[in-house]
Each structure stands twice: as C-alpha cells, then as structure tokens.
Amino acid sequence: MVDRIYRVNMTDLTAKVEDVPENWAGLGGRGLTSTIVTEEVVPTCHPLGPNNKLVFAPGLLSGTVAANSGRLSVGGKSPLSGTIKESNVGGTAAQQFAKLGVKALIIEGQPEKDNFYSLHVMGDGVEIKEEPQLEGKGNFAVVDTMLERLGEKTGVMSIGTAGEMMMPVANISVKDPEGKLRSAGRGGLGAVMGSKKVKCIVITVPKKATVPIAEPENFKAAAKIFAKALMEHPVSGQGLPTYGTAVLVNVINEAGGLPTQNFRYGQFEGHDKISGETIHDLIEERGGKTRHGCHTGCVIQCSQVYNDAEGKYKTSGFEYESIWAMGADCCVDNIDHIAEADSLMDDIGIDTIETSVSMGVAMEGGLLPFGDGEGIVRIIKEDIGKGTPLGRLMGSGAGAVGKAYGVTRVPVVKNQAIPAYDPRAVKGIGITYCTTPMGADHTAGYAVATNILKIGGDVDPLKKEGQVELSRNLQIATAALDTAGLCIFVAFPALDIPEAFSAIIDMLNARFGISLTADDVNELGKTILRTEHEFNLAAGLTNKDDRLPEFFSQESLPPHNVVWDFTDEEIDEFWNF
Ligand code: SF4
C-alpha cells in the first residue's frame, strides 16, 4: 500500500486521507510524531484543548519481518509535563497501520457534544461512530466489545475511565496479539485522547496486506543477521527472555540504585520477594507464561503472563518499572498485591510509574503507611477508577500529590515521575532524566546499560566523568531507533555487536531503496532531539527545567552515600551538539 496521512477532525467529525508531504517521507515513529507536533501544534496551547493534536505513527521498519520492529509512537503535547511527548508502545497497531499504509493518524479538534466515539481505521479511510455503550467502561471490556463486533484480528487502542476523566496519568492501551494490553504509558496522552472524545480506535487490515520492500533479498539477509545478534547477546538472548524486565530488580538493588521508600534508600529489604527470579518460579508453578511477545516478530519476548494463586490469569507485561514502583518505592513486598494493582491500572488506563510514584509521595505525606499493598489496591480501584476527589488528586501525578500533601521530596523532572533508577547512584541516567525533552524518562537514553550492565563500554555509575557524553550519544541513537519502530531492547546487541548496528541501517536501506550511512542515522537522531527541544522552548520551558529536584543534591543515598553533584553548566553542556 502507498503510505498516506489519515487525518480526523473531531470538531466537525470528518476524516480525510492525504498524500505524505515530502519532508515527512523519510520519517516514521517518534521522528514523525515529533515533527508533526512541532509543525502543527501551537506550543503554548492547553494540552486538553482543541489546539492540541494526538498523532500515531508506526516505525519505518514496522510491518516488515525485521525482529522487534512493531513499536508504535504516540505524540502530542503532554498534559502532565507541558512538553512535547512521544510515548512508545508495542501491541498489534503499529504493524497493522504499516500494512494499511497509514504513515500517521492525526486526531485534531474537539467535538461540541459530550459523547464518546470510536474511530474505525480501514484501507479507504476512517469511520467515526458514536459509542454510548462504551462510556464508563474499562479497557478490557472495550477490547472484548470491539473484538466481538469486528473479529479477533482487529487492532484496538483504547482509553479507560481515567482517560475519559482526562487525568494527567491516563495512558492509551493497545491490544497485543493475544488480546491482552500494552500501554503507551507516560505523559498523560490518554487524557488527550479523552479530551478529543475518542474512546477507542479500531483497525482492520485486509488479509494479505504487506508493506512493500524495495530490495527483498537484501532485506532478508540483513534481517537474518539482526535476529541472530538479538538471540546471541546475553541480555536480549538470555536474561530478558528468561526472567523478563524484572531481572533488573536484584541487579539494580545490588548496585545500590533501586529507589526505595520514595527515593530515600538505594536498596530494598524485600527485593527477593519481587525479583524476576521469584516471579519466574511463581509463573511456572501457577501455569502462566514466562515468555511472551508484545507483538508478532519479537524474538526477545520479555513479557510474561502472570497468574494468581488459583492459577487464573491476573496480568501480563508485568514490567520491572511497575514492580519497582509499587514494590520498592512504596515498600510493598507482596508480589500478588503488586500484580493486582498492575491489572487494575491496565483496566482503568493509568501509567503504572506515575501512579505508583504518586502513591510513594502520598505515603510520605501520611495517606497510607509504606508497605500497605492492600491500601494501594483499594485507592486505585475505589478512588482513581471512580474519580472520587482523592482519586482525581492521585490521578494528577506525583507533582500535584506532593503539593497537596506538603511533601518536599517529590521525584519528578518537568513534572513527570522519575522511574526505577536512583540518579545519585546511576548518574548517567540522571543526565537523561534532566535533559530528555520528555520529562523524566529512562527509555530516552538508557545509560543504565553502560553504567551498570557494562554494555557498550564501562562508565562508573557513581562518578560524573563521561556521563553527559554517554547520555547524549544514547539519546541520539534512541531517537533514531524510535523512528525505525524498534524496541529499546535491541540497543543491547546494537551497542555490543557491530553487525547488529549495521544490519539496522541495511534493513532501512533495503526497505526503501535508499543509501543511508551511520552518520545519516546519527544526524537524524540529533535533528529529532533538536526539534523536540525547540518545541519545549517555544512552550515556555528553559534550561532551568533540565534539573533534578533539590533533595537529590542535599540527601545522600545509602548504601553508597552519594549525592547528585552536577553543576547547572555541566548539565547544560548536553545540548552542545
Ligand atoms: S522485547 Fe519486550 S518490550 Fe520489546 S518488543 Fe519484545 S515483548 Fe515487547
């Protein structure tokens, strides 16, 4: 199919299909969403008003047989951080969009009526339909309803009740190949979808639809080298497939960087009870699945299916970040309470990191004692899910909760919660939290790889030397990977195995019949970062927003007793490229 831009105007409830402008043709994924947002969204607009746009784009390699290439980028102005946002997600939608020739889906405007709608994306356009029976429904019920209506193969993206209520922690759920959910979690883009009154987007693709490949033989050869490298690397070939991302619980705890009790300590006494190894054994014992891909063609399969003590399905995609946030950060060591919370958060449609860090801040403010897993589950279900005044507050993110409870130790950058690596003990990731245009986001430049896992080199996590350069290089490379639609975990072999990196460029060249070099890809990453940075500056942010909260400089973190010690000038050096 020839690529087209699908544009939906929710003000007059019309949809059209447009040719791809020349300057967007070489872009996909994050490169495209960030370019469209920068070109079409007024940076100072209210993120929940009619002038914001919500943009979906599959990566340049999505829909092909390239391993781990089925990632979707969702972009817009974030109601949480006020910055440009790209939230990256697996599931079936990216591959389906690519096969339909949907280069990007842009949703703009806002309807006058207070009804919710579905958008049905098909080869010849988009059908907009009122959906009164879906209002107030959780994500699982929405997916079930749409699959019943349109068939098992249908792609579904939806918001839960949090998105309908436009909570800044609301995410967008994407159905995976088995009908389970993945989340475009960060930055509150579910609230933007709610503000446009879109409850769900469904995608149907003709049976034999494929993406065109300009040089099929070259593509096949490069894809083979790439998949082999992914399977041979110890992290992507063994650690992640065996224990999932929760393999990191013990690793980061050992390194003294597992944020515990609202970022007070770097190690958690209960780490073994919530570790990847423990979860692996429980999954085997209870008949779940230790390996599971969030999209077809994933050869790493870091996701799992986790059952409860009765052997009944509880949750999937049970990630390190969610387990850490509800676990160590809130001092909960009961993995079944964490799994229950994870499942509820998926259904209500809220970011597990932002919500759980908000809980940690509220616990410090006295809402609940640390360790009260049952209390957390109750608040998620009864308050956030139903939108009580407490739920509305908890659904507004860690920054708002900190203000409401008079807490001074609030771990956010650009008002987005800091994820699962303490920046004092893993200084490279601290630079990423400060400088990424997204607000605190570990995936934007995963310096943990080189600081802790010793992948792509060895930079001492406790020292400042080399961290700015490391984070910069990783952020540039990640922006390019996000544009290609590749999962972040391909970065491990790409950093260590030169053939894996070359194979990515070879696949891009064979897909489009072009001749990109490594320098071109590097330049692409830089351009994307600059574009995003420009949007943020125009939205009113300054370099003063590229900072960690002051308590990281004032309190030393056990067990290494380290503080955040970068000067403003050292941090600002990041943008010198
Ligand atoms: S490795 Fe994990 S996150 Fe990446 S594509 Fe596979 S299942 Fe999804």
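Which residue follows H2, and what is the sign of its phi? Helix H2 is followed by Gly101, whose phi is positive, near 80 degrees. The model is predicted, so to speak, with local features needing pLDDT of at least 70 and side-chain atom pairs counting only at pLDDT 80 or more, while totals for chains, interfaces and linings use all residues. Residues are numbered from 1 along each chain as its sequence is written, and side-chain values use heavy atoms, with hydrogens and water left out.Helix H2 itself spans residues 93-100 (helices, H or I, are DSSP runs of at least four residues and strands, E, of at least two, numbered from the N terminus). Seven of its eight residues are buried, so H2 is largely enclosed by the rest of the structure; here buried means under 20% relative accessible area, exposed over 50% and partly exposed in between, with a 1.4 Å probe and protein chains only. The buried residues of H2 are Ala93, Ala94, Gln95, Gln96, Phe97, Ala98 and Leu100.

A similar topic arises with strand E5 (residues 84-89), where five of the six residues are buried, so that E5 is largely enclosed by the rest of the structure. Its partner is strand E4 (residues 72-77), and the two pair in the antiparallel sense over six bridges; strands pair if DSSP finds at least two bridges between them. Within this pairing, Ser73 stands opposite Asn88 in E5. Six residues lie between E4 and E5 in the hairpin, and in the turn Gly82 has a positive phi of about 70 degrees.

Turning to the ligand, 14 residues surround it, the closest being Cys294, His295, Cys298, Cys302 and Cys487; a residue counts as near if one of its heavy atoms lies within 4 Å. By class, this shell has six nonpolar, six polar and two charged residues (Ala, Val, Leu, Ile, Met, Phe, Trp, Tyr, Cys and Pro are nonpolar, Asp, Glu, Lys and Arg charged, and the others, Gly among them, polar). Domain 1 (4-203) and domain 3 (244-421) both give residues to the shell, so the ligand lies between them; the domain bounds come from an automatic or database domain assignment.

Positive phi values also occur in two asparagines. Asn262, in the loop between helix H8 (248-254) and helix H9 (276-286), has a phi near 50 degrees and is buried, with a relative accessible area of 0%. Asn415 has a positive phi of about 65 degrees although it is not a glycine; this residue is found in the loop between strand E16 (412-413) and strand E17 (416-417) and, at 30% relative accessibility, counts as partly exposed.

Finally, the peptide bond from Pro558 to Pro559 is cis, with omega near 5 degrees. Pro559 is found in the loop between helix H22 (551-554) and helix H23 (568-572).
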